[in-house]
Each structure stands twice: as structure tokens, then as C-alpha cells.
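Subject: Structure handover

Hello,

Please find the structure below, followed by notes on what was found in it. The notes go from the whole chain to single residues.

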Amino acid sequence: MFNRLTVRIFIVFLFTVAFFLMLAITLPKLDSRNLTYISNQEKEVGIELAQSLETELLKIPQNGFRWWMRFIVVMDKAAMPGQSLFIVTPTEQILTANATYRDIVQNFSELSNNVSEPAKKVYGSEEVLGPFQIAYGQEEYLLYVVQPVTALQSQFANILFDHPLLLLSLTMLLSSPLLLWLSWSLAKPARRLKKVADEVARGNLQEWPDLESGSYEFQATGASFNHMLRELKHTQESQQRLISDISHELRTPLTRLRLASAILRRKQGESSELQRIEDESGKLDAMISELLSLARNQYTEQDMRDLMTVEELWELVLEDAEFEAEQLGKSFKVTTDIPNVRIFGFSQALSSALENVIRNAFRYSDKRIEIGFHVHDEQLMVIIDDDGPGVSEKEYEQIFMPFYRTSEARDRTSGGTGLGLAIVRKAINQDKGTVYATKSPLQGLRVVITLPLATNK
């Protein structure tokens, strides 16, 4: 039962309410200026003082001339340094040699007048103790002692206890780390689920056992999520196997067709019909090759990953692109220096991805192709521009889908199969990168590839 998220949240709520209620009840009682009962030692000292005064007062005739003046003299002699003694008569008259604290003694006597339970209370820098009983004649008098506070409460504490809203604000501030920790612990499974969902969006379909931990609700969600990943991976593998099998099966009749075409050419000579058959066979062969590449372009996290610099990864690709540009009579330019940073990934797939984007730019460009490298926020950004006809804005995302064909100008006349950029996206995504298209400053298409830099761990 305690493993359910609903129960946990309810318990946390009750604990938080109980915590604040306890603070609201307890904190005011910590104010040392409140009325408190004195210790046994203080009580014994007070009783001894009262008894010594009682002995001295017996020497004073009751109802004698100015008898209260003699009371004051006796109290003044009995008081310790710093102390002031006060006697409250049965008629509530206050006798003292120091009238400075008369008001606070009068206030305290209204709060504490039980001689069996003497108390004390702080007033500023002084504290009042009492009452202690003194018998004089046939009547009982009450003794109160005023003395300096032994442990003075700080002014800051006084301000807090005197301003409830300030005390409440401080209490909430002090309890914030606890509440933040509770919120963090409750939200941790949700953050873990989001992280895994982001990984799946990048094409990583491995199972995540950590999802099946935590509360019952998140365990069930994690189990369903992993089940979905298994089904997706099975579907993906089946699709790849189907594409691979179909491609292999198509290769056999295609080879026979090209062989028959070659035999016919030797027997009858060259003709436009045979040339058309040869061209279409070449396109079909290229499409089958790209289908096989798309089906095979999937690696595990443990296999074939390398740590390499950008120059090591793409130096040969850039050299081949410069050579091909010369042969095609086009301008290929690397507009920035190649940064000295490292990437951890599948080197063969990444090399093929950049090569596919550059060849795509060669195919559709008019005269110019430019490529630039930039590093920002622990990411490598590769930008490829061409001055071709480009594509419409609504097709920027669709051109990375398998078999998507754009306008006649970009595909039909150039012989595109609609698989090149799909292969690129798959290769980049499996290394936790991204690829997208937008309009180029050269008026053609701009393809942007981002890849995370290798950490130093």
C-alpha cells in the first residue's frame, strides 16, 4: 500500500501539515519571556530568603509607627547585589526600596500569586521570581524578587516572537529544503521517464530497467513503456529484415535483366531502347543499394563506436568532395577552420551521412556548395549550403522521410531515390545528434547537422 504514489503524496501532505502545526505550537513556547515555573534550586533560595526576612520582620512591632519603612530597610539589607525585593501586603500594597520595577511586579503578581508554585518571567533585561510566603503577625505577605536575567534572549528572537508573520516566513524558509527534497523525490521517476522518452525519440530503442522502480504507478508505467520498446524494436527489426530480404530478392532478377540487356546489345548493337533499359536498371540498382544501407544502418550501443577528432572523421570526405567538385565544374568551399574537437560515435555511419548530404548538394546545386563547422554549447554544428532550387518550407521536415519525393525540379530530373536524407537522419540520430533543413543564404537548401561533443570522462 505504501508503494502507491497516491498514498505517498497523502503521507507527505500529512507530514508537512503536522510539521507546520508542531512549529506553530512549539515555537511560541520557546520565548523565554513567557511565564515559566522556577527550578527547585531557585525555589529553595527564594524560600530561604523569605524565611530570613520573616525572622527579621518579627522584630518589628505590628502596626507600629511607619512600620512599612522598617520593612523597606530590612528588605534593602537582605537583597543581594543587583536584586530588588518587593513585598505585596494582603491589601495589595507594594513595599519596596526601588520603585523602578513597581509596574512589572504589579503585572507579574497578577499572573503568579500561588506560593506553592512560584514562577518567573522576563521583562526586558530583568526577571521577576515569586511569590514566596512571609508570615507577619496573623497575616501572610508575598515576596517577589527582581534580578538581572541570567541568559538574556537575543533581540532578533524578540523581534521574531513579537511578529507572527515574520516568524511564519522564517519557518517556511527553513522548511523549504525539506519540501524541495520531498518534491524532487516524488518527481524523480517522472524526470527519468522524460529522459528515456527523449532517448527513444532519438532512435534508441533499448530497454530501461530503471523505469520499473519507484512507486507502483511508475513501476506499471515503466513496465508498459519497456514492453512498448520491445514491440517497437521487434517491428523495426522485422521491417529491416523485410527490406533486406526484398532488396536481395530484387537483385537476382535485376542482374539477369542487365545480363540480358548486355547480350542483346552485342547481338543487335546499341539502341535508344536498350539505353533506356540500362538507365532504369541503374536507377533500380541504386535504389536497392540505398534500401540495403537503410536496413543495415543500425548499430548497438556497444559495437563499432569510436572516439575521433572531426578532422580524422571527415578529412577524406572533404578531399573527395573537392575532387568531385573539380570534375563537375562546381565550387566547393570549406568556409571555416575544422575545429579541434572530438566525437564519440559510429565513424562509418557519420562519414557516410556527411558524404550523402554533400552529394545531395552536388546533385541539386547550380554552381556553389559551402560547408562550415561551428562549436556551441558542447555541440558540433555542421552547415551545408547549396545554390540550387531548394524546397518549399513545408517540405523541410518531409525530405528526411524514406521515399519522399519533392518537386520535379529536385528529384525526377536528377534521379533521386528519396532515401539519401532518410539514411542521413538515421545515422545522425543514433549518435544522439539532430539534422534539419532550412533555406540557405545561397538561395538553395541548407542542411544543419548537430552532434554532441565527446566528454572528458
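Is Glu355 buried, partly exposed or exposed? Glu355 is partly exposed, with a relative accessible area of 30%. Here buried means under 20% relative accessible area, exposed means over 50%, and partly exposed is in between, with a 1.4 Å probe and protein chains only.

Some ground rules come before the rest. This is a predicted model, in which local features need pLDDT of at least 70 and side-chain atom pairs count only at pLDDT 80 or more, while totals for chains, interfaces and linings use all residues. Residues are numbered from 1 along each chain as its sequence is written, and side-chain values use heavy atoms, with hydrogens and water left out.

The whole chain

The chain has 457 residues, and 38% of them are buried. Its secondary structure comes to 12 helices and 13 strands; these are DSSP runs numbered from the N terminus, with helices being H or I of at least four residues and strands being E of at least two. Of the contacts (heavy atoms within 4.5 Å) between residues at least 6 apart in sequence, 63% join residues at least 24 apart. The accessible surface is about 27300 Å², and carbon and sulfur atoms account for 56% of that. Accessible areas come from the Shrake-Rupley method with a 1.4 Å probe, and for residues only the protein chains shown count as cover.

A nonpolar patch

Phe10, Phe13, Leu14 and Val17 make a nonpolar surface patch of about 400 Å². Patches are made of residues with over 30% relative accessible area and no salt bridge; like charges are joined within 9 Å, and nonpolar side chains (Val, Leu, Ile, Met, Phe, Trp, Tyr) within 5 Å. Phe13 belongs to helix 1 (residues 5-26), and its relative accessible area of 52% makes it exposed.

Helix 9 and the strand before it

Helix 9 covers residues 310-328, 19 in number, and spans 26 Å from its first C-alpha to its last, close to the expected 27 Å at 1.5 Å a residue. That expected span is 1.5 Å times one less than the number of residues. At Leu316 helix 9 bends by about 30°, the bend being the angle between axes fitted to the seven residues ending there and the seven starting there. Val310, Leu313, Trp314, Val317, Leu318, Ala321 and Ala325 are the buried residues of helix 9. Gly329, just after helix 9, has a positive phi of about 70°.

Thr309 is in strand 7 (residues 305-309) and counts as buried at 19% relative accessibility. Leaving out residues up to four places away in sequence, Thr309 touches Asn340, Val341 and Arg342.

Salt bridges

Side chains of opposite charge can pair when their charged atoms come close. A salt bridge here is a side-chain nitrogen of Lys or Arg within 4 Å of a carboxyl oxygen of Asp or Glu, and by this rule there are 9 salt bridges.

Arg359 and Glu355 form one of them, with the closest N and O atoms 3.4 Å apart. Both residues lie in helix 10 (residues 347-364), 4 residues apart, or about one turn of the helix. Arg359 is partly exposed at 36% relative accessibility.

Glu370 and Arg368 form a salt bridge at 2.7 Å, N to O. Glu370 is buried at 18% relative accessible area, whereas Arg368 is partly exposed at 39%.

Asp385 and Arg446 also meet in a salt bridge, at 2.7 Å, N to O. This pair links distant parts of the chain, 61 residues apart: Asp385 is in strand 11 (residues 379-386) and Arg446 in strand 13 (residues 445-452). Asp385 is buried, with a relative accessible area of 6%, and Arg446 is partly exposed at 22%. Elsewhere, Glu324, Glu355 and Arg359 are joined into one network by salt bridges that share partners.

Backbone exceptions

Most residues other than glycine have a negative phi, and most peptide bonds are trans. The peptide bond from Gly130 to Pro131 is cis, with omega near 0°; Pro131 lies in strand 5 (residues 126-136). Asp377 has a positive phi near 55° and is not a glycine. Asp377 sits in the loop between strand 10 (368-376) and strand 11, and is exposed at 59% relative accessibility. Gln443, also not a glycine, has a positive phi of about 80° and lies in the loop between strand 12 (434-439) and strand 13.

Regards
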